[in-house]
Amino acid sequence: MVKAAPKSPSEKTRYDTSLGLLTKKFIQLLSQSPDGVLDLNRAAEVLKVQKRRIYDITNVLEVLQMLKGCLLTLHL
């Protein structure tokens, strides 16, 4: 399957808006925060996504943390 190139510089591809890529960018923003706190409104602006998408990202990160805790418990 060939990816279609964006028709204009402002148009995003499916990859640009993928949850995986946005989560990586979100983590980069979070790591740049000196106190480990990130304003979700600012994150939405910087990542150029709707706030709903930011909630998707935070949900993914919460699930990963829960899985990490479950796996750690299973290995003990």
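In this predicted model, a helix is a DSSP run of H or I that spans at least four residues, and helices are numbered from the N terminus.

**Exercise 1. Determine which elements make up the protein chain, and place Ser33 among them.**

Solution. Begin with the count: the protein chain holds three helices and zero strands, and, read from the N terminus on, its elements follow the order α-α-α. With the helices numbered in this way, Ser33 can be placed in the loop between H1 and H2. The next step asks whether Ser33 is buried or exposed. Buried means under 20% relative accessible area, and because Ser33 has a relative accessibility of 14%, this residue counts as buried. Finally, look at the partner of its side chain, which reaches the backbone oxygen of Val37 at 2.6 Å.

**Exercise 2. Work out which residues of helix H2 are buried, and describe how they are arranged around the axis.**

Solution. Helix H2 covers residues 40-47, and its buried residues are Ala43, Ala44 and Leu47. They span an arc of only 100 degrees around the axis, so they sit on the same side of H2. Then turn to the two ends of this helix. At the N-terminal end, Asp39 acts as a cap, with a side-chain oxygen 2.7 Å from the backbone nitrogen of Asn41. Just after H2, Lys48 adopts a positive phi of about 60 degrees.

**Exercise 3. Find how many salt bridges the whole structure contains, and trace which residues they join.**

Solution. A search of the whole structure gives two salt bridges. In one of them, Arg52 pairs with Asp56, and the closest N and O atoms are 2.8 Å apart; both residues belong to helix H3 and are four residues apart, about one turn of the helix. In another, the side chains of Asp56 and Arg53 meet at 3.4 Å, N to O, and these two residues, also both in helix H3, are three residues apart, again about one turn of the helix. Through the partners that these salt bridges share, Arg52, Arg53 and Asp56 are joined into one network. As for its exposure, Arg53 counts as partly exposed because its relative accessibility is 26%.

**Exercise 4. Locate the nonpolar patch formed by Val63 and its partners, and relate it to the surface of the chain.**

Solution. The patch on the surface is formed by Val63, Leu64, Met66 and Leu67, which together have about 380 Å² of accessible area. Val63 has its place in helix H3, which covers residues 51-75, and this residue counts as partly exposed because its relative accessibility is 41%. For the protein chain as a whole, the accessible surface comes to about 6300 Å², and 61% of that belongs to carbon and sulfur atoms. Buried residues, in turn, make up 20% of the 76 residues in the protein chain.

**Exercise 5. State how far apart Thr17 and Val49 are in sequence and in space, and say where Thr17 lies.**

Solution. Thr17 is found in the segment before helix H1 (19-32), and it counts as partly exposed because its relative accessibility is 29%. Along the sequence, Thr17 and Val49 are 32 residues apart, while in space their separation is 8.2 Å, C-alpha to C-alpha. To finish with the chain as a whole, take the contacts between residues at least 6 apart in sequence: 41% of these join residues at least 24 apart.

Note on methods
Residues numbered from 1 in each chain as written. Predicted model: local features only at pLDDT ≥ 70, side-chain atom pairs only at ≥ 80, totals over all residues. Heavy atoms only, no water. Buried < 20%, exposed > 50% of the residue type's maximum accessible area, 1.4 Å probe, protein only. Contact = heavy atoms within 4.5 Å. Areas by Shrake-Rupley, 256 points an atom, 1.4 Å probe, with all protein chains shown as cover. Patch = residues over 30% accessible without salt bridge, like charges linked within 9 Å, V, L, I, M, F, W, Y side chains within 5 Å. Salt bridge = Lys/Arg side-chain N within 4 Å of Asp/Glu carboxyl O. Arc of directions from axis to C-beta. Polar contact = N/O pair within 3.5 Å; in protein donor to acceptor, adjacent residues only side chain to side chain.
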